[in-house]
Amino acid sequence: MTLTDDLARLEATATGRARPRATVRHRHLSERPLVFVPLTTAGEAGAPLGALIGTERTSPRLLVVPQPRDRDLRFAFLAQLADTVLPYVESYADDVEAAERTETDPETGKRVKVEVDLCADAPQLIVPSRAGIEFVRLLGRSTRFRRTAEQDPDTPHPAPPRVPLLGRWLTHFGERARVPGSALLLAMTDLLSRHWATGQSSLEEQHLGALLAWIEAPAGGSGAEAALRAELARDAAGQLLCPPAGPATDPAFDNDLLAPAVERYDRARTALAAAEDGLAADARLAELTAAEREIRALVESRTRPTWDAVWRGLDALCTLPAAERAEDRWRSDRWSFTAHRDRVAAGEPPQPRRDDAVTAAQKLATREREQARLDAQEALDDPLVMAGRRLRGEAFAGEVTQVVMAYGEGRSPRPRPLVTVRTADRPHLDEGVKVYRSLGGKPQAAQFVTYAADGGDGRDGGAALVLRILDKMGRGKEPEPGSVPEAGDRLCWTLFEHEQRGGPKLPDPEDTPWTHGGPPDATAESPDPVTAEDTL
Amino acid sequence: MTPAPPASPAAPAAFDPAAAAARATDAILRDTLHGTHRGVVVDSPPGAGKSTLVVRAARELAAAGRPLMVVAQTNAQVDDLVLRLAEKDPELPVGRLHSSDSDPYDKALDALANVRKSTKAADLAGLDVVVSTAAKWAHVRGVEPWGHAIVDEAYQMRSDGLLAVAGLFERALFVGDPGQLDPFAIAEAEQWAGLAYDPSASAVSTLLAHNPELPQHRLPVSWRLPASAAPLVSDAFYPFTPFRSGTGPGDRALDFGVPSDGSGPDRVIDEAAATGWGLLELPARHTPRTDPEAVRAVALVVRRLLDRGGVTTSERSAEPAPLTADRVAVGTAHRDQAAAVRAALAGLGVVDVTVDTANRLQGREYDVTVVLHPLSGRPDATAFHLETGRLCVLASRHRHACVVVCRAGVDALLDDHPDTEPVQLGVTVKFPDGWDAMMTTWDHLSAHRVPWRP
């Protein structure tokens, strides 16, 4: 949190309406996102109750598990989910463009460029809240080790054919969502709270309805009051007017509406099984169908408002212009999608339950690098974010007042011009600290030399800094035109680097050193054993 | 933790710090040079002679003809180590592996005849000792592994950092201070919590989780902390591995030529000079991080410390030494606080006093420190502000006295914010927790309280 964010929150609290935290949209949004609004059943971790899913705002597909404890019905739900998710994912798999990647040549050990396919676009899954992302992970974990009858004819409870594949893709989405700045799987609440500040705590911001109420407040209206209503208001029957975004449901809904409906469904099913002749069976089948239809209506009534809210959130986000560098990060998402597509196509086993030491270290290194990249890129893309960094002393903006040509030492002296910048910011500068500015999209480095003699020293709100430009001036003795700032230029310099260096190469997993327990067990992971809970 | 026997409290008179430290050092060197285990772990409390141990172990390994690589965490630590090695043994061939950035090492190394510097490990092959940072070692490829390594500040190294360099050596001596700041990750790492090789954990915890049989030693004497500070730091931050101060209560003194003017800063300075600790307590108030009153109070204390003609008496020299600006440091929790204190000091005409955050003060030593309490003026106590290591670093940099500046009400704040860190399966709970350490130090400091309304 920076001072600008604190200010925005205070203003939001004071006015009752959301305030912008960004002037551009910092995440890539697909033209055809797959919106997924799942619900779970209370009492059993990860037992799906139903979902609305689809890419068309007006015609989502409703999936329902009328008796969430029934494993066959659950598998049927997962099969339907796979029927929706996998064709969507696979529709992005074949449209590729050529790209270059640096790889280590296995024979020479040298780094060489190879031409590979990169998917031209990638799927994007959007769930209402962060708990939805957790649920995607949970679905992935619970299905990717299932065996189908084709894989293992002896398995007692075979999964429908495409369910394990669904689990692998959901796992990939869930893991990718942990990478800062990634956009394969996004939570709408995170997206909205990245771009708007409200007067709520970060926990309260997990309520999509309340968050939208702040953002959509009409001129003169109070978003705070609307948010309170979204959170608490109930109808005469005691049901929430704005159902929670889930996947957990409201207990009043569970007790008063869902439980009786499921009970009716169970009774109808038992009755149908006990029917003695065709006529009776027909009548009881009609009862069962009615009971099922009732549950479907209940699930739809609780997911549809959230579904609409997610699309309204997308509307709100689309009012912001896309950030330039968000496309860069989306390219990384496309690489990630392409790589997993290739792993699936190559017949590799599902992602292991636990990462080995090397994989864990690699993932952490990637996430840290991406976090630093995200922080830098958001600031460079967005003056409002940069203002926050400037207030933290991590960047400064100012006017160039003087440029003195100077040269470095050595046999062929290189240009090292000294630039004086007058700024009202207070950067945390020590002698020799490097600063960077964006020059044609590439960072140009300079070194802080000293505070100019007559310009103050930055402590009373105004300073003139002398910087020595270090690079991007071409190869000649004279700097290339336009590569050196000129007096009168207004520039923004950052103390953080714009681009991240790659980390060191880690050993291969089979060379894991003794300090980390040696190489991991190479045998393939067995599928999840069937426990008593699987056959309740 | 190996329960190394603490010095018996029943017979304090019989405790000979030099002998105890020598015994510990001998045992460490025996295990390192002649032991059968691939690793040896040494826990060192603040100022217990860790650097001296590293230099001595490096020289003995070199003397035994075993090629040695030394892994430190920062370039400053590496340069410091090379200088110490050269000072002890100017003939020892030492390699300084450095990065290709501009100004990669301390220019003082250029004056040393037997120190070779290079960006390539291959250029330094065959030298007795090669020293570099963990980050640089991680990029070294295609060289013959070293027989021995010393990993310095191993508790500040992350597990993934060790993973990247562990292929370079056969055996290693791991030295560090478990009480200082733990390494941290700037990205989500919770999914690996509880795994033995959690990449965001410290190198030592991964090492010991996989190799629990490794011998673990402890340096029992702090030569830096005075007799007034060692018991508190030991109790608050090392309750299960106590240590002693190397000097007795009368061995060090801090005196001032100019008498107190009766102001708050002067009174707290006198309290600290007499007892080793002083708490300058400002009226309770919720403030921004860069609380102008507290920052000014810190600056005033420093100004008065220098103005009052302080002299320090210690075992280091026969003559009392003047308390100069370079022997005083100010410690804060945040960088913006440090910047505010620097600005306030400049306003009072004070230069050359080190002002830095706990992270950057690790491993440094001063005669007197002035600390802005991490919880001063806060409405809440977050995990960051409660972190044990942060307070431990701030409270253990001084040889004579430590003055803490704080808003009143820390005890109530702590009562309002019990520790709520989630418990992770498989993760060893760290004792003491930050809350507990805060409370212990606050109780002690309260006895040296000087209330002051600026």
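Two residues are taken to be in contact when their C-beta atoms, placed from the backbone, lie within 7 Å. With that in hand, the predicted model can be picked apart, starting with chain B.

Chain B splits into two domains, with domain 1 running over 13-222 and domain 2 over 230-451. Their C-alpha centres sit 29 Å apart. Where domain 1 of chain B meets domain 2 of chain B, 18 residues of the former are in contact with 24 residues of the latter. On the domain 1 side, the touching residues break down into 9 nonpolar, 6 polar and 3 charged.

The largest nonpolar core counts 143 residues, and B:Val298, B:Val301 and B:Val302 have the most contacts inside it. Helix α9 of chain B (residues 292-307) is the top contributor to this core, putting in 10 residues. Both domains of chain B have a share in the core too: domain 1 (13-222) and domain 2 (230-451) each supply at least three residues. As for B:Val301, setting aside neighbours within four places in sequence, its contacts are B:Pro265, B:Val268, B:Ile269, B:Leu280, B:Val370, B:Val403 and B:Val405. A second core, separate from that one, has 80 residues, including A:Ala8, A:Leu78, A:Leu166 and A:Leu184.

Turning to chain A, its secondary structure adds up to 12 helices and 15 strands. The C-alpha trace of chain A spans about 100 × 70 × 40 Å along its principal axes. Chain A has 536 residues, and 38% of them count as buried. As for contacts in chain A between residues at least 6 apart in sequence, 65% link residues at least 24 apart.

Methods. Residues are numbered from 1 along each chain as its sequence is written. Chains are lettered from A and ligands numbered from 1 in the order in which they are written. This is a predicted model: local features need pLDDT of at least 70, side-chain atom pairs count only at pLDDT 80 or more; totals for chains, interfaces and linings use all residues. Domain bounds come from an automatic or database domain assignment. Ala, Val, Leu, Ile, Met, Phe, Trp, Tyr, Cys and Pro count as nonpolar, Asp, Glu, Lys and Arg as charged, and the others, Gly among them, as polar. A nonpolar core is a set of buried Ala, Val, Leu, Ile, Met, Phe, Trp, Tyr and Cys residues joined through C-beta atoms within 7 Å. A residue is buried if 20 or more other C-beta atoms lie within 10 Å of its own, exposed if 12 or fewer, and partly exposed in between; C-beta atoms are placed from the backbone. Helices (H or I, at least four residues) and strands (E, at least two) are DSSP runs, numbered from the N terminus.
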